[in-house]
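Here's a quick tour of one model, meant to be read with the viewer open. Have a look at the chain below, and then we'll go through a handful of spots by topic.

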Amino acid sequence: MAQGQPIFILPEGTNRSVGRDAQRNNILAGKVLAETVRTTLGPKGMDKMLVDGLGDIVVTNDGVTILKEMDIEHPAAKMLVEVAKTQEDEVGDGTTTAVIIAGELLKKSETLLDSDIHPTIIAMGYRKAAEKAQEILDEIAIEDVDSEVLLKVAMTAMTGKGTEAAREPLAKLIVDAVEAVADDDGVDIDNIKIEKKDGAVVEESNLVEGVIVDKERVHPGMPSEIKDAKIALINTPLEVKETEMDAEITITDPAQMQAFIEQEEKMVKDMVDKIVGAGANVLFAQKGIDDLAQHYLSKAGVLAVRRVKKSDIQKLSRATGANVITNLDDLTEEDLGIAGVVEERKISGEDMIFVEECSGAKSVTLFVRGSTKHIVDEIVRAIEDAIGVVAATVEDDKVVAGGGAPEIAMAKKLKDYAESISGREQLAVNAFAEALEIVPKTLAENAGLDSIDSLVDLRAAQEDSFYMGLDVFSGEVADMKEAGVIEPKRVKKQAIQSASEAAEMILRIDDVIASTKGPEDMGMDPAAMGGGMPPMM
């Protein structure tokens with residue numbers, strides 16, 4: 001107030017929550033989001049059916065897919081969605097783990113806040129605990145990684161994700177694919193293309209040492225199969241170019257018109273002659289091929305494909321060794337790629353081009369089959385997760401046991417570490433340790449086991465070995481290394497790092513100012529989450 005007159009700093013109708021109200025609302029939003037995805041964790045996790053405004057359905061238990069498909073409005077909840085996205089981008093798996101750890105850290109912090117511990121103290125304690133947890137992970141990591149371990153890593157990542165029937169053969173395909181594209185710089189998983197088609201069982205999925213292009217040959221007169229293929233890749237159109245500026249040609253008699261047409265035909269024929277003259281019998285063009293060029297290519301016995309995606313052109317280059325040509329005048333025999341066979345096949349009623357038997361291919365294709373569209377989509381999501389974790393394992397050469405074993409080991413050692421810290425930060429470190437136990441606790445609950453009994457048994461078993469985890473199928477504590485339940489160390493490392501940083505950031509917020517442009521209760525009521533999604537009961 002100034003001399004009895006109110007001063008408005010924010011627009012009328014702006015929602016604002018301050019202090020404990022802001023913290024309580026943000027924490028509640030994080031807890032609700034974590035609870036939403038928590039039931040999907042582990043081999044016995046349940047699926048979610050997500051229906052968008054158009055009625056399209058997604059059935060999945062993949063954490064990041066669920067969070068992406070949900071129309072989330074609450075700003076604090078959006079921060080946890082970013083945690084899942086970062087986990088997916090960096091490692092490819094562990095998204096649900098990261099979110100539920102973040103949610104549990106926020107839940108534990110609420111108790112500390114109620115005990116009048118300042119948010120900054122909690123954040124500092126969480127940061128120290130996260131750093132110590134990374135050191136503990138290094139101590140308990142397994143370093144003797146070979147192809148057998150990679151297979152176990154892939155199977156662990158796919159367990160409970162709709163691929164149970166063909167888990168072992170799919171894992172073998174994934175490991176072969178990652179090892180094929182690995183080089184001294186690591187593993188670029190962009191060089192593993194996943195092509196999917198429904199209408200067949202999962203067991204019919206296979207690995208192609210080359211590239212599958214979801215296109216058809218441009219002319220029916222072209223051969224449908226070429227062996228000992230010499231492949232040209234061009235990113236220029238096979239057609240008469242239009243002038244860059246407006247031009248007008250005046251023709252005064254029919255002879256001139258005929259000469260003009262013949263000259264255009266000659267230009268197109270010269271382009272085709274350059275391709276054929278270089279020895280190419282297969283052509284992949286990133287841009288168009290006009291009808292006349294198709295005719296000449298067909299007569300020359302060349303199998304041609306047009307409008308190929310740039311990403312596919314690059315994969316073809318990596319697989320066949322061909323150079324991508326911009327100017328046809330530069331095309332020589334040395335620029336051509338080699339493949340054992342290039343063939344057009346009809347799959348589920350659609351024509352596709354298979355480029356196979358590429359010697360030393362540095363780009364490969366996983367051809368995934370499934371009985372229906374929804375099933376094949378979920379299988380692809382599981383395969384993408386498995387590719388990410390196998391690639392991370394190849395690069396880091398370190399793994400840890402699964403089944404909640406590393407979380408229990410970290411929790412146990414963090415509680416010992418907390419005793420060496422003075423002040424209130426000790427309470428935050430202890431809270432961090434207890435929060436990590438949410439992973440084995442959730443695994444037990446999702447398997448229909450008693451979570452308290454399972455945690456007690458796990459803590460006792462860990463006195464003898466860090467590899468002791470929860471076997472959700474038998475309901476007993478078992479050696480996860482012997483059982484073949486193995487995960488990359490990077491998955492756990494990234495999940496803990498992302499979850500702790502997100503929790504720290506949310507804890508330090510003491511003022512939420514929501515614009516009138518947002519939903520009416522945005523930033524004030526976690527029930528605002530979900531947007532156009534149906535309520536989850």
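Is T95 buried or exposed? T95 counts as buried, because its relative accessibility is 3%, and the cut-off for buried is under 20%. Keep in mind that this is a predicted model. The points below start with T95 and its helix, then move on to a helix pair, two sets of paired strands and a few single residues.

**Around helix α4**

- T95 sits in helix α4, which covers residues 95-114.
- Setting aside neighbours within four places in sequence, T95 is in contact with D62, G63, V64, A84, Q87 and E88.
- Follow the chain on from α4 and you get to D116, in the loop that leads from α4 to α5.
- D116 has a positive phi, near 65 degrees, and it isn't a glycine.
- Unlike the buried T95, D116 counts as exposed, because its relative accessibility is 64% and the exposed class starts over 50%.

**Helices α5 and α13**

- Helix α5 takes in residues 119-140, and it packs against helix α13, residues 425-436.
- The two axes are 8 Å apart and meet at an angle of about 55 degrees.
- That makes α5 and α13 oblique to each other, because 55 degrees falls outside the roughly parallel (under 35), roughly perpendicular (65 to 115) and roughly antiparallel (over 145) ranges.
- As for handedness, α5 and α13 cross in the right-handed sense.
- On the α5 side, the contact is made by I121, I122, M124, G125, Y126, K128, A129 and A130.
- On the α13 side, E425, A428, V429, A431 and F432 make the contact.
- Sort the residues of this α5 and α13 contact by type and you get 10 nonpolar, one polar and two charged.

**K493 in helix α17**

- K493 belongs to helix α17, which spans residues 489-507.
- Its relative accessible area is 36%, so K493 is partly exposed.
- K493 touches Q134 and L137, if you leave out residues up to four places away in sequence.
- K493 and V91 are 402 residues apart along the chain, yet their C-alpha atoms are separated by 9.9 Å.

**The three-stranded sheet**

- This is an open sheet with mixed pairing, and its strand order is β6-β15-β7.
- β6 (192-198) and β7 (206-208) are the edge strands; each has a single partner strand, so one side of each has no neighbour in the sheet.
- From one strand to the next, the twist averages 25 degrees.
- β7 and β15 (residues 364-370) run antiparallel and are joined by three bridges.
- If you want a register marker, V208 has T365 as its bridge partner in β15.
- Helix α7 (residues 167-181) lies across β6, β7 and β15, and it runs at about 160 degrees to β15.

**A200, between the edge strands**

- A200 is found in the loop between β6 and β7.
- With a relative accessibility of 9%, A200 counts as buried.
- A200 is in contact with R369, G370 and S371, neighbours within four places in sequence aside.
- A200 and T372 are 172 residues apart in sequence, while their C-alpha atoms are 8.1 Å apart in space.

**Strand β9 and its partners**

- β9 and β13 (residues 337-347) run antiparallel, with six bridges between them; there, A229 is paired with A339 of β13.
- β9 and β10 (residues 282-285) run parallel and share four bridges.
- β9 also pairs with β12 (residues 324-325), in the parallel sense, over two bridges.
- L233 shows up in both of these pairings: its bridge partner in β10 is F284, and its bridge partner in β12 is V324.
- D228 lies in β9, residues 225-234, and has a positive phi near 50 degrees despite being a residue other than glycine.
- D228 counts as exposed, because its relative accessibility is 55%.

Technical notes. Residues are numbered from 1 along each chain as its sequence is written. This is a predicted model: local features need pLDDT of at least 70, side-chain atom pairs count only at pLDDT 80 or more; totals for chains, interfaces and linings use all residues. Side-chain values use heavy atoms; hydrogens and water are left out. Axes are lines fitted to C-alpha atoms, for helices over the stretch in contact, and angles run from 0 to 180 degrees between N-to-C directions. A crossing is left-handed if the near helix is turned anticlockwise from the far one by less than a right angle, and right-handed if clockwise. Contact means heavy atoms within 4.5 Å. Ala, Val, Leu, Ile, Met, Phe, Trp, Tyr, Cys and Pro count as nonpolar, Asp, Glu, Lys and Arg as charged, and the others, Gly among them, as polar. Two strands pair if DSSP finds at least two bridges between them. Buried means under 20% relative accessible area, exposed over 50%, partly exposed in between (1.4 Å probe, protein chains only).
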